[in-house]
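Please read the points below with the structure open beside you. They are short notes, meant to be followed one at a time.

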Amino acid sequence: MQRATDEPPTDEPPTMDMDTRRRTTGDRAEGESASVVENKTPVPAVSFHNVSKRFGDVHAVDNVSLDIQDGEFFSMLGPSGSGKTTCLRLIAGFEQPTSGSIRLHGIEAAGLPPFERDVNTVFQDYALFPHMSVLENVAYGLMIKKVPRRERLKTANEMLDLVRLPGMGQRKPSQLSGGQRQRVALARSLVNHPRVLLLDEPLGALDFKLREQMQIELKSIQKQVGITFVYVTHDQQEALTMSDRLVVFNLGRIEQLGTPSDIYERPATEFVAGFVGVSNLVSGPLAEQMSGVSGTFSIRPEKIHLAAASAAVQPGYCCVQGSVRDVVYLGMYTRYLVDVDGGGDLTVVEQNLHTTSMNVLAAKGNRVSLLWAREHMRLVGSETGDQRTANYSIGQGQSEHG
Amino acid sequence: MSQTTLTQAPLPERSHKETRSLVQRLATFLYGHPRLVTALLLAPPLLSFIVLYLGSLVALLIQSFFHLDNFTGRVVREFTFQTYADLLSPANMDIVLRTAGMAAMVTVADALLAFPLAYFMARYASPRVRMLLTLGVVMPLWASYIVRVYSWKLILAKEGIIGWFFAQTGLTGLLDGILGLPVIGGPSLSVSPLGAFIAFTYVWLPYMVLPIVAALERVPGSLIEASGDLGANSRQTFRHVILPLAFPGVVAGSIFTFSLTLGDFVVPGALGNSSLFIGQAVLAYQGTSGNIPLAAAFAVVPIVIMAVYLLLARRLGAFDAF
């Protein structure tokens, strides 16, 4: 398996101090970066102002405005076709916006080709040059800058150490595993010391264990090099794990922008509640019965407690009665689907702290009370409609590994 | 519910032994013996390849080590290097070098013409435009090669459209100046190495375009984006990424243009001056003068040149990406 070829993260990667960065950065104006640091209101690394991108009739990006701060780990999360990759390509310069303005460190980027932007990209398919060795791949950016051969190979070797691929320089990309190629792609894009690194679903092709390991490593590399990371992913868990802040895209528009805990605990829209994690969306009469206000609410399955039908209700708690329609035993936890009296159903997740599979599976058909603190109900929409539950496949996919 | 109906439906009564035809039994037998199937499939092409193709090549090689007795006019079937010594005579080396030089020029010209077209077809053309262009490149191959070469004779003749064009634009002096040049010139375009070069370049162009298109189509767009992303401008990306990856296609195309020119006798016969090419020499020696050994030795020359060329191409890393 992949695991065998990629060493687990046992030792600390070689550190890269500020001096090394300065030296290898070479011709970049020192004053420029210094002024950014000293400035009281720092200039955003990337700034979108009313940016739209159309492909024919398709609005890939629709009037998006956002600021990405310098040194931030920023994720763009959304389903495929939501515009997140287009946003990344707009920053890289592979696409030009139809309207609006993009500023990179305060400088208007419109019309700048990719090779004149201080931005590098890790591609989804890695895009390693097949006719070059790993070392030549990593040194490519320095070769283009006409850094002398000896110096650029030395720097490239340092980068390979940073991504834990020492001694792999002479191999061809085709001789590496997926995880190793991913690291080479990372090293290659970091060698120029860009001020912003763009990552386009870089872990998408890796298996689950390796992906988890790379998430941790990416985060630690980002801390070491101190570069702004803009990370595109459709994996909500990845975005929540790694990001300082993230933005959720849908249909070319921003649904919500915030810290991982903001997004998870206070989803602003029905879409975010459903896409990030698993949510029960409740609306209609049931919502009114529970909260007294009409609208659509989201409740996380893990916030709901399953109790005996006669359980007492503490103040500040909501309670509905129902019967267990289905029980799915998932090892670490159990998912219950409960038919609520008065229509609709709710998904409840409980950890198997004291229960065994025999206990939980026997619960099928039981009458139960569902209890949750009122504060965990989030109003995500005021339009009235039928009660719905939204279980997105991501949450379920996760549980299969757990 | 559908399951129950399925199981309840009566199974068709089938006694295997009786209803199985010979064909069915053969199919079952072959299914159980995949190696036999491979052998049966490969036998005809391998047989024709080994016996007809390699066999005749070996026969050719053997012939080239015989020699012609100049007094009797008969082929002496004894091993000797005398024929190869004849081949190295100044007159014959002249033919070899002229042909190889022409083949090299034609190959370079075709590569230069084909690359931009192939690049456009592979990277920028819409599927529809690409189909039309491919058709346009391939269509001349549908017409007879002899007819196309002789149409070039008409185009290039003194009274042809090119001569007319130069006359109309008052540039006849320029054309005469070009034709007055040594080595490439001649009395008219249709009787000059330059004319043969133009016709060669035209007839072999499709064989250069198609392999380059195929090679360029295999270069993922993300590689070109990655190169630009890492700071390379278009020229640098072309030099360091596109060209190395398209190089196998250029080599494949040049194998066609080079070897086809080396062996051709129609174009120099129709458009050249009286100086011979390898193809013409082979034709003349094996036909009129009956010197089959020397004809065979001449035929070995392109094989040797191509072998050396391919070794060089591999040394240059033409096939590294694969």
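1. Start with A:Asn157. Setting aside residues within four places in sequence, A:Asn157 has contacts with A:Leu135 and A:Gly169. This is a predicted model, and the contacts are to be read as part of that prediction. A:Asn157 belongs to helix α6 of chain A, residues 149-162. Is A:Asn157 buried or exposed? Neither word fits: A:Asn157 has 19 other C-beta atoms within 10 Å, and a residue counts as buried at 20 or more and as exposed at 12 or fewer, so A:Asn157 is partly exposed. Its C-alpha atom is separated by 8.6 Å from that of A:Ala139, and the two residues are 18 apart along the chain.

2. Now take chain A as a whole. Its secondary structure amounts to 14 helices and 19 strands. The chain has 402 residues, of which 42% count as buried. Among contacts in chain A with a separation of 6 or more, 68% join residues 24 or more positions apart.

3. Two residues of chain A deserve a look at their backbone. A:Tyr126 is not a glycine, yet its phi is positive, about 70 degrees. The residue sits in the loop between β6 (119-122) and α5 (134-144) of chain A. With 23 other C-beta atoms within 10 Å, A:Tyr126 is buried. A:His193, also a residue other than glycine, has a positive phi near 50 degrees. A:His193 is in the loop between α7 (178-190) and β7 (196-200) of chain A. It too is buried, and the count for A:His193 is 21 other C-beta atoms within 10 Å.

4. How far can chain A be trusted? The mean pLDDT of chain A is 81, and 83% of the residues score at least 70. Where in chain A is confidence lowest, and where is it highest? The lowest mean, 31, belongs to helix α14 (residues 393-401), and the highest, 95, to strand β3 (residues 73-77). Residues 1-39 of chain A have a pLDDT below 50, and this stretch makes 36 contacts in the model beyond near neighbours in sequence. Residues 383-402 of chain A also have a pLDDT below 50, with 41 contacts beyond near neighbours in sequence. Where pLDDT is low, the predicted coordinates should not be read in detail.

5. Chain B can be checked in the same manner. Its mean pLDDT is 87, and 93% of its residues reach 70 or more. Over residues 1-6 of chain B the pLDDT stays under 50, and the model has zero contacts for them beyond four places in sequence.

6. Next, the contact between the chains. How many residues does each chain give to it? Chain A gives 18 residues and chain B gives 17 residues. On the side of chain A that touches chain B, the elements giving two or more residues are β6 and α5 of chain A. Of these, α5(A) gives the most, with three residues. By class, this side of chain A has eleven nonpolar, five polar and two charged residues. For the complex, the predictor gives an ipTM of 0.73 and a pTM of 0.73.

7. In chain B, look at helix α4 (residues 34-64) and helix α16 (residues 292-315), which pack at about 120 degrees with their axes 7 Å apart. That angle makes α4(B) oblique to α16(B). The crossing of the two is left-handed. Among the residues in this contact are B:Leu60 and B:Leu61 of α4(B), and B:Ile292 and B:Pro293 of α16(B). By class, the contact has eight nonpolar, two polar and no charged residues.

8. Helix α16(B) also meets helix α13 (residues 234-263) of chain B: their axes come within 10 Å and cross at roughly 160 degrees. That makes α13(B) roughly antiparallel to α16(B). Here the crossing is right-handed. The residues that meet include B:Phe258 and B:Leu262 in α13(B), and B:Ile305 and B:Tyr309 in α16(B). The contact of α13(B) with α16(B) has nine nonpolar, two polar and no charged residues.

9. Last, helix α9 (residues 161-168) of chain B. The number of its eight residues that are buried is zero, so α9(B) lies largely in the open. After α9(B) comes B:Gly170, with a positive phi near 70 degrees.

How values were computed. Residues are numbered from 1 along each chain as its sequence is written. Chains are lettered from A and ligands numbered from 1 in the order in which they are written. This is a predicted model: local features need pLDDT of at least 70, side-chain atom pairs count only at pLDDT 80 or more; totals for chains, interfaces and linings use all residues. Helices (H or I, at least four residues) and strands (E, at least two) are DSSP runs, numbered from the N terminus. Axes are lines fitted to C-alpha atoms, for helices over the stretch in contact, and angles run from 0 to 180 degrees between N-to-C directions. Angles under 35 degrees count as roughly parallel, over 145 as roughly antiparallel, 65 to 115 as roughly perpendicular and the rest as oblique. A crossing is left-handed if the near helix is turned anticlockwise from the far one by less than a right angle, and right-handed if clockwise. Two residues are in contact if their C-beta atoms, placed from the backbone, lie within 7 Å. Ala, Val, Leu, Ile, Met, Phe, Trp, Tyr, Cys and Pro count as nonpolar, Asp, Glu, Lys and Arg as charged, and the others, Gly among them, as polar. pLDDT is the predictor's confidence in each residue, from 0 to 100.
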